[in-house]
Amino acid sequence: MKIYPLAKPGEQPPLLYPPYASTVRRAPSMPPIPLPHTLSELTGPLYGYNPVGETDNDLTRQHAADPLGERIVVSGRVLDEDGRPIPHTLVEVWQANAAGRYLHVVDQHPAPLDPNFSGAGRTTTDAEGNYRFVTIKPGAYPWRNHPNAWRPAHIHFSLFGPCFITRLVTQMYFPNDPLMPFDPISQSIRDERARQRMVSKFDLDLTMPEWALGYRFDIVLRGRESTPFEEQP
Amino acid sequence: MSRLHCIPSQTVGPFYHFSLTSNTTLGCMTKPETSGERIRLRFRLFDGDGVPVPDGIIELWQADAAGKYRHPADTQQMEPDPAFCGFGRLGTDAEGACTFETVRPGRTPHGHGGCQASHINVTVLARGLLAQVVTRVYFEGDPALSEDPVLQLVPEERRATLLARPLSQGEWGFDIHLQGEEETVFFEI
């Protein structure tokens, strides 16, 4: 029995999507075997395995000086599909710097590293499911998937949610990014409305006057069948 | 209220190491006072050409040695081992490998009165995987394998892909083939 219903076709990426070349030799070719949800899937790691530090949710305060780039606030709520907040859950983010360069040995894009920006953050949601990061807007960067390939600006998100099933790794994009139509990773989501759910919204209420622009990104994780009064299994 | 829709998954990409796997202590899931049989569990991750995947993430989620998950949904009448959280996470190295130190988990309920064989739940993330894939590690030679209700769902000729094999005393090996003739069984959860 699927206590957490599956997504509809097109709302999640296929594993094999040849325009994203790395899927071709890494996507499993056999269909996955449907698994009834047992205690193994209905439990999962909660956030406590790795405490969150004071500056972990402010990526602009992790070094001696300010990083270069456009300072932004990224904030939202983590919810299940019934709109219920998911409190006290770990949210991890990582991103390129303002020049589109990752602090990573494999990233050889000839753009400068910023000694004042690492690009990794973590926080936990509050009792109402809210989270908030301060960071700088990441730059777009080239990659070698196809000739003249560029990734739209994005921030990677990793969440666990309440159980093993709700694990989500995704990417947050920015409104009106002209690179998105050419990006096979985001275009792997064939349902246009589903794809737009990965795009944050500019939100004047989240801005910090004379300091930072604000983007809202609400994150909906897989939810249980809509039976709010059902007992735990 | 109309039902919301979950956010689509996207690949973890190649550049997560400074964030997700920088804390390598997540490969050691035991403390000196943890109860149970200590095991070292060595994973190797391969693509469809049999080439090691050097930029993958392996995450483990498992019950403690008594078969109790540290989670409120586990309502079995016992306390979880206070010295065991059940979660591990490591990045793969240039050989596509990583090794966890953990305990062999106890058997856990299936939910319909039955009992599952000892197993560890595995999430695999990598560049080229647009969403995580999940599998399970069972242990070769475990007499409970024949009565495990999940293994019964797997065609018999593919069940061996879900078995860790002893490498040496206390050390087990589990190879994950994302594709190819030896493709590992993955589950839709």
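This is a short selection-by-selection tour of a predicted model.

**Stop 1: chain B on its own**

Hide everything except chain B and colour by secondary structure. You will find 11 strands and 0 helices, so to speak a run of β after β from the N terminus onward. With a radius of gyration of 17 Å, close to the 16 Å that the globule rule gives for 189 residues, chain B is as compact as a globular protein of that length. If you like to set up a box, the C-alpha atoms fill one of roughly 55 × 40 × 40 Å along the principal axes.

Now colour chain B by burial: 49% of its 189 residues count as buried. Contacts are worth drawing too. Take those in chain B between residues at least 6 apart in sequence, and 70% of them join residues at least 24 apart.

**Stop 2: where chain B touches chain A**

Bring chain A back and select the contacts between the two. On one side are 59 residues of chain B, and on the other 68 residues of chain A. Which elements of chain B give two or more residues to the side that touches chain A? Select β5 (108–109), β7 (120–126) and β11 (187–188) of chain B to see them. β7(B) gives the most, with 4 residues. Coloured by class, this side of chain B shows 31 nonpolar, 21 polar and 7 charged residues.

**Stop 3: strands joined across the chains**

Stay with β11(B) and add strand β1 (residues 33–34) of chain A. The two run parallel and are joined by 2 bridges. To see one pairing, click P34(A): its bridge partner in β11(B) is E188(B).

**Stop 4: a sheet in chain A**

Next, select β4, β3, β8 and β9 of chain A. They form an open sheet of 4 strands in the order β4-β3-β8-β9, with antiparallel pairing. β4 (120–124) and β9 (168–173) stand at the edges with a single partner strand each, so one side of each is left without a neighbour in the sheet. Look along the sheet for its twist: neighbouring strands are turned by 20 degrees against each other on average, direction ignored.

Zoom in on β8 (residues 154–159) of chain A, which pairs with β9(A) over 6 bridges in the antiparallel sense. H154(A) has Y173(A) as its bridge partner in β9(A).

**Stop 5: the nonpolar core**

Finish with L159(A) and V124(B). Of the 103 residues in the largest nonpolar core, these two touch the most other members. Show the surroundings of L159(A): beyond its neighbours within four places in sequence, its contacts include V78(A), L90(A), L168(A) and I219(A).

Definitions and conventions: Residues are numbered from 1 along each chain as its sequence is written. Chains are lettered from A and ligands numbered from 1 in the order in which they are written. This is a predicted model: local features need pLDDT of at least 70, side-chain atom pairs count only at pLDDT 80 or more; totals for chains, interfaces and linings use all residues. Two residues are in contact if their C-beta atoms, placed from the backbone, lie within 7 Å. Ala, Val, Leu, Ile, Met, Phe, Trp, Tyr, Cys and Pro count as nonpolar, Asp, Glu, Lys and Arg as charged, and the others, Gly among them, as polar. Two strands pair if DSSP finds at least two bridges between them. A nonpolar core is a set of buried Ala, Val, Leu, Ile, Met, Phe, Trp, Tyr and Cys residues joined through C-beta atoms within 7 Å. A residue is buried if 20 or more other C-beta atoms lie within 10 Å of its own, exposed if 12 or fewer, and partly exposed in between; C-beta atoms are placed from the backbone. The radius of gyration is taken over C-alpha atoms; the globule rule is 2.2 Å times the number of residues to the power 0.38. Axes are lines fitted to C-alpha atoms, for helices over the stretch in contact, and angles run from 0 to 180 degrees between N-to-C directions.
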